[in-house]
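Biologist: Please pick one part of this model and take me through it closely. I would like to know what it touches, and how far the prediction can be read there.

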Amino acid sequence: MWLFLARRIGLAVAIVAVAVTLLYSMIHAVPGDPASVILGPRATPEMREALRERLGLDRPFVVQIGSFFGGVLRGDLGTDIVRDRPVADIVFAQLPYTVVLVLASVGWAALVGIPLGCFSAVRRNSLADRIIGVLSVSFIAVPYFAVSIYALLIFSVGLRWFPSMGVGEPGDPLSQARHLVLPAFAVGLSWVGYIARMVRASMLEVLGDNHVRTARAFGLPERRIVFRYALPIAVLPTITILGVGVGYLISAAVFAEIVFSRPGIGSLLFESVGQRNYPVVMGAVLVTSVLFVVSTTLADLANALLDPRAREKL
Amino acid sequence: MAADEIPVAPRRADGFLAGLRRLTRDGMGLFGLVAVLLVVLSAVFAHQLAPFDPTRIMVGPRLAPPSAEHWLGTDQLGRDVFSRVLVGGQVALQVALASIAAAVSIGLGLGLLAGLGPRWLDNAILLLFDTVRSFPVVIFGLAVVTVLGPSLTTVIFVVVVTSIPTYGRVARTQTLAIKNNEFILAERAMGAGTGRILRVHVLPNIIGPLLILASMDVPVVITIEAGLSFLGMGVQPPTPSWGSILNDGFSYIRNTPWPVIAGGIPLILTTLAFTFLGEALRDTFDPKLRRDL
C-alpha cells in the first residue's frame with residue numbers, strides 16, 4: 001500500500017510538472033511575442049521592451065520556466081498585468097465560488113441519481129427501468145451549456161422563479177441558495193445520468209453476490225437486503241468515479257458561470273482570455289488542473305483502499 | 001440492451017444486413033440511425049436546402065418569430081435563422097469528421113508505439129496522455145485560444161489534442177493484449193516481421209473498437225465546437241455555427257426566445273441521436289468495450 005501511495009503521488013506530481021511545462025512552452029510558441037500581443041498594435045517599442053522586462057521575457061526560456069516553477073512552489077503565480085495584483089490572490093478569491101457550485105451540483109445529482117439507479121436495478125427490465133435508462137443517456141448526452149441557457153430561459157426569463165444573475169446578497173444564505181439553484185441544476189443534470197447508470201450496474205452485480213443470496217436464504221425482507229446489505233457496497237465505485245468527473249464538472253461550471261454571470265474560475269478565465277491576460281490564464285489553468293489531478297489521485301487512493309486488487313494496476 | 005439478460009448462444013453476424021437488423025431492434029438505436037441520417041443529409045445539402053443566404057443581412061424584420069417565410073424567424077441582423085441552422089450543422093459535422101479522423105490516426109499511431117515499443121517509451125507516452133487528460137477540455141480550449149486566437153482551426157486543434165489519449169489508450173491496451181499471444185510468438189518463430197504482425201493481427205483487432213469509440217465521440221466533439229463558438233472562441237462570424245446562433249440569441253434572450261430555441265434544439269437532437277446510435281453500435285458489435293471505458 002505504501003509503495004502504491006508513493007508511486008501514485010509521484011505520478012500526480014509528474015503530471016502537474018509536465019502540464020506546467022507544456023502550458024508555458026505553448027504561450028512562448030506564439031507567433032510574435034506576448035508583450036506585443038498584450039499591448040496591441042499601437043504600442044511603442046519602448047513600451048514593449050518595458051513589459052517584456054517586467055514579465056521576464058527578456059531572459060532565456062530555461063531561466064524563465066525555472067523561476068516560474070520556483071514561484072509556484074512558493075505559492076507565487078506571477079503578477080496580473082491588468083490589475084497589477086498577485087495572480088494567486090485573484091485566482092484563490094474566485095475559487096470558492098466554483099467549488100461551491102461543483103459541490104452543490106454533485107450533491108443534488110447524487111441525491112437523485114443513487115435512488116434512481118437503485119430503483120432501476122431492483123426493478124430491472126421493467127418499463128420504469130427502461131425509461132430511467134433512456135433518461136440517463138439523454139441527460140449525459142445533452143450539451144451542458146445548452147442546459148444552462150434553457151434553464152435560464154424557462155425558469156428565470158419565462159417563469160421568473162429564480163434570479164438569472166450573480167450569487168446573491170453577501171451574508172444572506174437564502175438569497176445565495178436561490179441564486180445557486182439554476183446553475184447547480186445545469187451542472188449536475190448529466191451527473192444524475194452518470195450516477196444512475198453506475199449505481200444500476202454495480203447494484204446488479206452486488207445483488208448477485210453470495211452475501212445477498214445468504215441474506216435472502218435467511219428470509220430477510222427485500223427492503224432490508226437492498227438498503228442494508230446491497231446499496232452501501234454498490235455506491236462505492238460511484239464515489240471513486242466522481243474523482244475523475246471533477247474535470248467535466250469544472251468544464252460545465254465554466255459555462256454555468258458565464259451564462260448566469262456568476263463569479264468563479266470560469267468567469268475569470270473567460271474574461272482573462274478576452275484581455276489576453278496571460279499570467280491570469282496560466283494561473284487559473286494551473287489551479288484547475290491541480291484540482292483535477294488531486295481529485296483523481298484521491299479517487300484512485302480511495303479505490304485502492306477499498307479494493308486491494310486495484311493497487312497492483314499501477 | 002440490459003447486461004443481465006440470459007446470454008443466448010452468439011450467432012455470427014451474417015454480414016451488413018444482420019448487423020443492421022440487430023442495431024435497429026432496439027427503439028433507441030432505430031431513432032439514432034434515422035435521426036443521424038437526417039442530420040447528415042441536411043448538412044450535406046445545407047446550401048441547396050437553405051431558403052436564404054445564411055450570411056446575407058436583410059432589410060426585413062429583425063428578431064422576428066417563426067413565419068411562413070422565415071421558418072425559424074430572423075436574428076438581430078435580419079438573417080434567416082433556419083438557413084443558418086442548416087449551414088451550422090454542416091460546420092459542426094465538418095469539424096467532427098476532420099478532428100476525429102486526425103485524433104484516431106494519431107492516437108492509433110501513439111498507441112501502437114506505446115504497445116510495441118520499449119518500456120521507457122510506453123511510460124513516456126502514458127505520462128503524456130495523463131497530462132493532457134489533466135486539463136478539463138473547456139479550460140484547455142480557453143488556454144489554447146489565448147495563444148492561437150479564436151478560429152475553426154483552433155477548435156479542431158483542441159478537439160484533436162484532447163481526444164488523442166482516449167484512442168491511444170484503447171489502441172495500446174489492445175496491442176498489448178494481442179502482442180503476448182502464443183500464436184504471435186509462433187509466427188515470429190516462423191520468421192514474420194513486425195510489419196506483417198501489425199498488418200495481419202494487430203490492426204484488424206484495434207480498428208473495430210476505435211471506430212465504435214469514434215462514433216461515440218461525435219456528440220462530444222459537436223458539443224465542444226458549439227460550446228467554444230458559444231463563448232465566441234470558435235467559429236468566427238459571419239460563418240454560422242449552432243454555438244454562435246446560441247450566442248447571438250443569448251444576447252437577446254430577454255427580447256425573444258426564438259433564436260435560442262432554434263439554435264439549441266438541433267444541437268440537442270443531434271447529440272442525442274449520435275449518442276443513441278453510438279450506444280447501440282457498441283452494444284451490438286462490441287459489448288466488452290462498455291467495461292473498458
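Modeller: Read from the N terminus, the elements of chain A come in the order α-α-α-α-α-α-α-α-α-α-α-α. That is 12 helices and 0 strands. The model is predicted, with an ipTM of 0.80 and a pTM of 0.82. The part I have picked is helix H10 of chain A, which covers residues 222–259.

First, the chain that holds this helix. Along the principal axes, the C-alpha atoms of chain A fill a box of roughly 85 × 55 × 35 Å. Chain A has 314 residues, and 40% of them are buried. Of the contacts in chain A with a separation of 6 or more, 71% are between residues 24 or more positions apart. The mean pLDDT of chain A is 81, and 92% of the residues score at least 70.

Within chain A, H10(A) packs on helix H5 (residues 87–122). Among the elements of chain A, H5(A) has the highest mean pLDDT, 89, while helix H2 (residues 34–39) has the lowest, 66. The axes of H5(A) and H10(A) are 8 Å apart and make an angle of about 140°. Pairs count as roughly antiparallel only over 145 degrees and as roughly perpendicular from 65 to 115, so H5(A) is classed as oblique to H10(A). Their crossing is right-handed.

The residues that meet in this pair can be listed from each side. H5(A) contributes A:Thr98, A:Leu101, A:Val102, A:Ser105, A:Val106, A:Ile114, A:Cys118 and A:Val122. From H10(A) come A:Val226, A:Leu231, A:Val235, A:Leu242, A:Leu249, A:Ile250, A:Ala253 and A:Ala256. Sorted by class, the contact between H5(A) and H10(A) has 14 nonpolar residues, 2 polar ones and no charged ones.

H10(A) also packs on a helix of the other chain, namely helix H6 of chain B (residues 137–148). Here the axes are 7 Å apart, at an angle of about 60°. Roughly perpendicular starts at 65 degrees and roughly parallel ends at 35, so H10(A) and H6(B) are again called oblique to each other. On the chain A side, A:Ile250, A:Ser251 and A:Val254 take part, and they meet B:Val137, B:Val138 and B:Ile139. By class this contact has 5 nonpolar residues, 1 polar residue and no charged residues. A:Ile250 is listed in the contact with H5(A), and A:Ile250 is listed in the contact with H6(B) as well.

A:Ser251 is worth following one step further. This residue of H10(A) has 25 C-beta neighbours inside 10 Å; the cut-off is 20 or more, so A:Ser251 counts as buried. Beyond its neighbours within four places in sequence, A:Ser251 is in contact with B:Pro136, B:Val137, B:Val138 and B:Ile139. Along chain A, A:Tyr144 is 107 residues away from A:Ser251, yet their C-alpha atoms are separated by 8.9 Å.

The wider setting is the contact between the chains, in which 42 residues of chain A touch 37 residues of chain B. On the chain A side, at least two residues each come from H10 and from helices H1 (2–28), H6 (127–141), H7 (144–158), H11 (265–275) and H12 (278–306). H1(A) gives the most, with 8 residues. In all, this side of chain A is made up of 34 nonpolar, 6 polar and 2 charged residues.

For contrast with A:Ser251, take A:Val294, which is found in helix H12 of chain A. A:Val294 has 14 C-beta neighbours inside 10 Å, and therefore counts as partly exposed. A:Gly158 is 136 residues from A:Val294 in sequence and 40 Å from it in space, C-alpha to C-alpha.

Last, the partner chain. Chain B also has 12 helices and 0 strands. Of its 293 residues, 46% are buried. Among contacts in chain B between residues at least 6 apart in sequence, 68% join residues at least 24 apart. The mean pLDDT of chain B is 80, and 89% of its residues reach 70 or more. Over residues 9–13 of chain B, pLDDT stays under 50, and the model has 2 contacts there beyond four places in sequence. Where pLDDT is low, predicted coordinates should not be read in detail.

Key: Residues are numbered from 1 along each chain as its sequence is written. Chains are lettered from A and ligands numbered from 1 in the order in which they are written. This is a predicted model: local features need pLDDT of at least 70, side-chain atom pairs count only at pLDDT 80 or more; totals for chains, interfaces and linings use all residues. Axes are lines fitted to C-alpha atoms, for helices over the stretch in contact, and angles run from 0 to 180 degrees between N-to-C directions. Helices (H or I, at least four residues) and strands (E, at least two) are DSSP runs, numbered from the N terminus. A crossing is left-handed if the near helix is turned anticlockwise from the far one by less than a right angle, and right-handed if clockwise. Two residues are in contact if their C-beta atoms, placed from the backbone, lie within 7 Å. Ala, Val, Leu, Ile, Met, Phe, Trp, Tyr, Cys and Pro count as nonpolar, Asp, Glu, Lys and Arg as charged, and the others, Gly among them, as polar. A residue is buried if 20 or more other C-beta atoms lie within 10 Å of its own, exposed if 12 or fewer, and partly exposed in between; C-beta atoms are placed from the backbone. pLDDT is the predictor's confidence in each residue, from 0 to 100.
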